[in-house]
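Open the model in your viewer and keep the sequence panel beside it, so that each stop on this tour can be selected by residue number. Take the stops in order, and look around each selection before moving on.

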Amino acid sequence: MPDDNRDQAGRPSPDALLEKARAEMRGRLKIFLGAAPGVGKTYEMLVSGRAKIADGRDVVIGVVETHGRKETEALLAGFEIIPRVKIDYKGRPLEEMDLDSILARRPDLVLVDELAHTNAEGSRHPKRYLDVKELLDRGIDVYTTLNIQHVESLNDVVSQITRIRVRETVPDSIIDLADDVEIIDLTPDDLIKRLHDGKVYVPRTAERALTNYFTPGNLTALRELALRKTAQRVDDQLLTHMQAHAISGPWAAGERVLVSIDHHPRCASLVRYAARMASRLRAPWAAVYVETSRSVNLTEAERDIVAATLRLAEQLGGEAITIPGREVAEELVRHATANNVTHIVIGAPKAATWRDWWSRSITDELIRKTGEISVHVISGNEKDGTTARGVRAAATAPGFDFRAYLLATVYVVIALGVSIVLDQVLDVRNLALVFLMAVLTSAVLHGLRPALYSCILGALSFNFFFLPPRYTLTISDPESVLALFFFLGVAIIASNLTATVQRQAAAARQRARTTEDLYLFSKKLAGTGTLDDVLWATAFQLASMLKVRVVLLLPEEGTIAVKAGYPPDDTLDDADIAAARWAWEHNHAAGRGADTLPGAKRLYVPLRTGRTAVGVIGLDSDRRDGPLLTPEQQRLLDALADQAALAIERVQLVADVDRARLAAEADRLRSALLTSISHDLKTPLAAILGAAGTLRDYFASMPEEDRADLLSTVVDESERLNRFIANLLDMTKIESGAMEPNFALHYAGDIVGSALRRAAKILERHKTETSIPADLPMVRVDPVLFEQVIFNLLDNAAKYAPEGSVVHIEGWADADNVVLQVSDEGPGIPPADLTRVFDTFYRVRKGDQVRAGTGLGLSICRGFVEAMGGTITAANRKGRPGAVFTIRLPKPNDIPKLDELR
């Protein structure tokens with residue numbers, strides 16, 4: 001943040017000292033930052049922790065994820081590990097860092113892995129970084145790890161690079177809070193080699209990661225982002241150190257560019273030059289306008305140039321800064337040294353003026369005072385100025401205010417009455433001060449011109465009534481002539497200064513109100529998540545601040561259509577539609593008061609960002625003729641339109657990313673469906689055709705036993721084909737939302753028995769055991785859907801469990817649910833696949849690397865169970881191999897048990 005400590009030259013910055021004091025009151029935070037998983041962040045954090053133990057520090061592990069990496073697990077030896085707390089989430093136990101135990105233990109340093117982690121529902125804080133903040137506030141030092149893709153401000157950039165939207169993010173304020181940021185760097189080739197060697201993920205996961213995420217291009221881009229973010233943080237720390245210790249810059253550890261602008265048209269070319277320089281230097285830059293006492297005398301056209309130039313700087317990626325001050329060169333140097341600026345760009349001085357006879361130009365003063373800061377004097381090009389607005393401005397105020405002059409006359413009359421009274425006791429020359437008071441009152445309340453009028457009127461009154469010879473305008477005493485002359489001079493100077501201060505105070509109050517309104521508007525836009533909310537907030541803000549009627553139009557199917565308005569209005573005549581379309585297509589204002597299509601009812605201004613126009617604003621008022629907005633209102637409209645355009649673009653970009661993600665998911669599902677159909681339809685059809693063809697050709701010569709086997713093959717494969725088609729139909733119903741369960745009360749044991757009879761042929765080579773109590777409460781389910789769920793789970797067990805193994809079905813009731821569990825004695829589910837087994841078309845590989853099933857059965861189970869208000873989870877059996885699927889259905893209230901019904 002720029003520091004502008006004008007009155008503290010040579011002293012430490014109060015803001016920097018305050019930040020330093022805050023840092024000393026809390027624990028220290030060190031972030032091990034990496035470009036991607038697997039670069040060694042956790043390993044380096046553990047190594048640093050062991051070094052602290054060797055130094056005698058009290059170090060504990062809050063949470064560390066080794067991901068099965070042996071070299072990382074070996075480093076855990078010697079650390080005290082705080083046991084994690086278990087939290088039940090939808091029937092599945094999850095382990096999280098035990099914050100309370102760490103606070104009670106109160107170590108010197110705690111190691112917390114994966115800063116961006118989302119805590120399980122029911123934890124004290126929803127995010128792990130909030131746990132870390134609480135530890136720091138309690139004075140405990142923290143070491144933590146973070147990947148660059150989890151930084152909030154880089155989320156969109158990472159999404160564009162990797163085509164993957166990261167949902168778990170950490171706000172940039174956490175990075176700013178860090179006392180140390182250590183970059184853990186690894187070249188893309190070395191990281192890819194670690195993936196191939198199985199040091200990052202298990203082989204199957206590593207193969208997918210190499211294809212989708214860990215490409216050399218992605219890793220190189222992410223690596224650059226991590227290095228830049230670390231360099232930016234180090235640069236901020238250097239600047240804070242300089243400000244806290246009153247060190248005058250620059251320290252050229254990093255480049256910073258500043259461009260000085262004023263009201264001349266050439267400033268646009270200076271801003272573009274500074275943007276090109278900053279791009280070459282890869283440095284941050286800012287455009288600074290120093291607002292002096294002379295700024296209040298600028299014309300509206302000159303104010304437009306200043307506003308447009310600052311706006312151009314923001315569009316080119318710079319920071320627009322306005323600072324008040326007395327002298328431009330002095331303020332620029334003070335700002336540059338306080339913010340470690342290394343390059344200043346300023347326009348060359350124009351032709352010599354009468355002021356140059358006794359004072360240097362701003363450029364000369366700047367070169368003389370900057371010391372080691374490089375000053376780039378650029379001639380600039382007035383033809384390269386900002387684009388003309390193309391909209392005529394309305395009159396800002398009436399040319400003559402009769403009331404102000406009338407009141408100024410009253411003030412002089414009052415001063416005359418007071419002077420007549422005081423004339424008996426005071427010298428005549430002292431009475432001039434009474435008339436001077438009337439002049440100052442006019443200046444404060446009504447401005448410069450009424451003050452000058454009261455000055456002249458007061459001088460004539462003073463001469464006529466008090467200077468000898470009285471009651472004439474003749475002055476006989478030379479001293480009286482001198483007194484009258486100095487009275488006029490002092491009155492004119494004082495009225496001018498007073499009126500200037502009054503104008504500056506009024507401008508400051510107006511600027512404060514406008515700034516507050518813009519801040520509230522930006523805050524409101526930041527909290528909106530939908531396009532309709534953004535449009536409504538924009539329309540309301542424009543209408544309330546500009547006192548106009550507003551319509552907002554956005555592109556739709558090749559044209560532009562009304563999407564919001566305040567007051568609500570969606571009717572446009574042909575002239576307005578033509579003006580709105582022209583403004584959108586040409587990215588320029590059109591309509592009422594503009595150079596193009598001025599016959600329209602409304603003024604249409606494009607909503608534009610750095611990329612393109614995203615929409616159009618239409619403005620109208622009760623005044624039916626003439627320009628619509630004053631110059632000040634036009635500048636305010638520009639600020640509001642810029643914020644609204646960015647908010648609209650943000651919402652649209654999020655929608656584009658979501659559509660791209662859905663399209664990619666649809667492509668994946670389509671590919672999986674085609675693969676599944678080509679295999680799972682072709683295989684049973686081929687078996688049926690082969691068996692039927694053999695029976696047709698060799699029926700007579702074939703033994704009875706062989707004919708029975710072939711007929712059994714036809715029946716089995718037909719049933720398999722029928723199950724596959726039924727699964728496809730069920731999945732279609734779930735995806736379309738057309739699933740409507742027919743609820744009724746049923747005993748779970750009866751439905752399980754029906755499913756076992758239906759799956760008898762599938763389970764003929766397995767043993768089944770059932771343990772369902774007779775007094776198990778009934779559940780409110782659709783019996784057909786629930787039977788299909790049990791059947792699919794039994795079918796899944798038969799595919800993965802070895803022949804002769806036991807498939808166990810158990811039921812019980814807890815406080816709130818009826819629980820049904822199906823377990824097998826197969827190889828179990830790989831830990832990485834536990835959360836994905838219910839995804840559509842997702843299939844876990846069998847031990848022989850042959851895919852089994854269609855990948856629809858478990859997805860249908862989840863869809864059916866959730867449609868009936870329950871949950872289903874997958875896990876591995878404890879202490880023995882095998883998978884276990886647990887169904888939880890809410891227990892109906894006041895339902896009698898089965899024994900009571902009998």
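Two residues are said to be in contact when heavy atoms of theirs lie within 4.5 Å of each other. Keep in mind throughout that what is on the screen is a predicted model.

**Stop one: a nonpolar core**

Select Phe786 and, setting aside its neighbours within four places in sequence, look for the residues in contact with Phe786, which are Ile751, Val781, Leu820, Met868, Ile887 and Leu889. Phe786 belongs to the largest nonpolar core, a group of 44 residues, and is listed with Leu793, Leu794, Phe885 and Ile887 as having the most contacts inside that core. To see where the core comes from, colour the elements that each supply at least two of its residues, among them helix 24 (748–758), strand 22 (806–813), strand 23 (817–823), helix 26 (857–867) and strand 25 (883–890). Helix 25 (783–800) is another of these elements, and with nine residues helix 25 gives the most to this core.

**Stop two: an enclosed space**

Which residues should you select to find the centre of the largest cavity? The structure holds one cavity of 30 Å³ or more, and about 50 Å³ of space lies in the largest cavity. Of the 10 residues that line this cavity, Ala35, Val39, Leu186, Leu191 and Arg223 are the closest to its centre. Next, show helix 8 (188–196) and helix 10 (216–244), each of which supplies at least two residues of the lining. If you colour the lining by residue type, you will find seven nonpolar residues, one polar residue and two charged residues.

**Stop three: Thr66 in its loop**

Move to Thr66, which sits in the loop between strand 2 (59–63) and helix 3 (70–74). Is Thr66 buried or exposed? Its relative accessibility is 13%, and because buried means under 20%, Thr66 counts as buried. Beyond its neighbours within four places in sequence, Thr66 is in contact with Thr72, Glu73 and Leu76. Display the side chains of Thr66 and Glu73 together, since a polar contact joins these two side chains at 3.4 Å.

**Stop four: a covered helix**

Select helix 13, which runs over residues 328–338 and is mostly covered, with nine of its 11 residues buried. The buried residues include Val328, Leu332, Val333 and Ala336, and also the charged residues Glu331 and Arg334. Step just past the end of helix 13 to Asn340, where phi is positive, at about 60 degrees.

**Stop five: backbone details in loops**

Two further residues take a positive phi although neither is a glycine: Arg106, at about 50 degrees, and Asn587, at about 55 degrees. Arg106 is placed in the loop between helix 4 (99–105) and strand 6 (109–112), and its relative accessible area of 47% makes Arg106 partly exposed. Asn587 lies in the loop between helix 20 and strand 16 (590–591), and Asn587 is also partly exposed, with a relative accessible area of 31%.

For the last selection, go to the other loop beside helix 20 (574–586), the one that begins after strand 15 (559–566) and holds Pro567. Which form does the peptide bond from Tyr566 to Pro567 take, cis or trans? This bond is cis, with an omega near -5 degrees.

How values were computed. Residues numbered from 1 in each chain as written. Predicted model: local features only at pLDDT ≥ 70, side-chain atom pairs only at ≥ 80, totals over all residues. Heavy atoms only, no water. 1 Å grid on protein atoms, 1.4 Å probe; cavity = no way out; pocket = protein on both sides within 12 Å on 5 of 7 lines; lining within 4 Å. Points joined across faces, edges and corners; volume = space filled by probe spheres on them. Helix = DSSP H or I, 4+ residues; strand = E, 2+ residues; numbered from the N terminus. Buried < 20%, exposed > 50% of the residue type's maximum accessible area, 1.4 Å probe, protein only. Polar contact = N/O pair within 3.5 Å; in protein donor to acceptor, adjacent residues only side chain to side chain. Core = buried A, V, L, I, M, F, W, Y, C linked by side-chain atoms within 4.5 Å.
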